[in-house]
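Please open the model in your viewer and keep the sequence panel visible. The tour below proceeds by selection.

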Amino acid sequence: MLPRRSHELPPTAGLPLRLSDLRPGAPTLAADIAAQLGTPPLQLECSGTACLLMALVTLSELQPARRRVVVPAFTCPLVAIAVQQAGLELQLCDLKPGHYDMDPAALRAACDERTLAIIPTHLAGRVADVDDAVAVARSVGAYVIEDAAQALGARRSDGTSVGLLGDIGFFSLAAGKGLSIYEGGLLLARDPLLRERLARTAARRVPRSLGWEWKRSLQLLGYATLYRPGGLGLAYGNPLRRALRRGDPVAAVGDDFPLTIPLHRVGRWRRSVGAHAAARLPAFLDQLTAQAARRLPRLRRIEGIQVMDDPSSARGTWPFFLLLLPDRVRRDAAMAQLWSSGHGVSRLFIHALPDYAYLAGAVPPQSVPRARDFAARSLSISNSPWMGDADFEAICAVLENMQA
Ligand SMILES: Cc1ncc(COP(=O)(O)O)c(C=O)c1O
């Protein structure tokens, strides 16, 4: 194993909160982010998953005969849980070989007049192929929901924000994301009528809850305190190492989600904290892009390693680097050296969706060999500004030795 780093690095690059962010202020988070991204008004919800649930409920009211939701087979377990909570059926789509995008032929085979929505996913800040999903959706009369949970700030080649090409999009503001209010999400829709419907769904379905808002506010205070090199060992590294010692990688990366999605309104204080921090987001994302531009060539020089990148001239965000190693054996050998050492190396999702035992009731037992291959060969490297060049070089050296 690499010698343990004295200060833990986070697996992703989140914008650290400042004491001054916690002062009361204008709760303009959603409007401020919409202005930064150049989008129509955004709807704030209590999580990215809650956004997806509002989207699914709204669309299924528009098309009640359509019950199927097509998702990439390698994605966040919360997506499957949202589909189940909406009372809809999950239909998995396998991936392109060695890629996070859905395979075009598999996507066409998965979609028909029963399909309600297709969910292309901007994984790891990368810009997904939404055009193909839109083409297939239009041909069968389905909707497109862009899952941009991991891609707040990512832009397509024409400079527009991700989330605007499909009918609905959403971003996550969960802990560790670029901008966080501990848990939160932003919903996006181009069409004003659809925006109105999404707002009506939330007004009907999402209650105020003092209990939840207190809990999230305390968690946000804890996050503001501990999301820094001196605190991450306690909040992130130690629980990770305990889970790995018990042989529970699903818990180690936090893939073990509850099967019920809490729904509640986001309070004024958390909205104002988010608004204060949001003022620093554009500069922070630029800093990450510049760091990624410096480090990508080094990663690409490592023989046998594939680094996920954007389609030409799209500009994704860089919370971390998502890599594929040549095979599971070498990926696992690299993780044995790097996972516990505090260097911000992790795995994005442990399994393809059918392989989480706890999701058996929500995920059909479909054969998705390419998603399994992606899960078996991928790892992530933090692009946190706290990672120095020496740390990054140490990680690259381990990966280089894997190829020997
Ligand atoms: C791809 C993807 N979709 C959806 C979600 C759900 O977002 P949230 O955690 O804000 O509920 C996540 C969470 O990280 C995600 O990674």
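**The ligand and its surroundings**

Select the ligand first: 14 residues surround it (C-beta atom, placed from the backbone, within 6 Å), and the closest are Ser-47, Gly-48, Thr-49, Cys-76 and Ser-172. The elements that contribute two or more residues to this shell are α2 (48-62) and α3 (77-85); helices are DSSP runs of H or I with at least four residues, strands runs of E with at least two, numbered from the N terminus. By class, the shell holds five nonpolar, eight polar and one charged residues.

The model is predicted: local features need pLDDT of at least 70 and side-chain atom pairs pLDDT 80 or more, whereas totals for chains, interfaces and linings use all residues. Residues are numbered from 1 along each chain as its sequence is written.

**The nonpolar core**

Next, select Ala-55, Leu-56, Ala-117, Ile-118, Phe-170, Leu-186 and Leu-187, the residues with the most contacts inside the largest nonpolar core, which has 127 residues. Such a core joins buried residues (20 or more other C-beta atoms within 10 Å) through C-beta atoms within 7 Å. Helix α2 gives the most to this core, with nine residues. Domain 1 (23-205) and domain 2 (281-402) both supply residues, so the core lies between them.

**The open sheet**

Finally, select β8, β9, β11 and β10, four strands that form an open antiparallel sheet in that order. β8 (306-307) and β10 (345-346) stand at the edges with a single partner strand each, so one side of each has no neighbour in the sheet. Gln-306 has Leu-324 in β9 as its bridge partner.

Key:
Two strands pair if DSSP finds at least two bridges between them. Ala, Val, Leu, Ile, Met, Phe, Trp, Tyr, Cys and Pro count as nonpolar, Asp, Glu, Lys and Arg as charged, and the others, Gly among them, as polar. A residue is buried if 20 or more other C-beta atoms lie within 10 Å of its own, exposed if 12 or fewer, and partly exposed in between; C-beta atoms are placed from the backbone. Domain bounds come from an automatic or database domain assignment.
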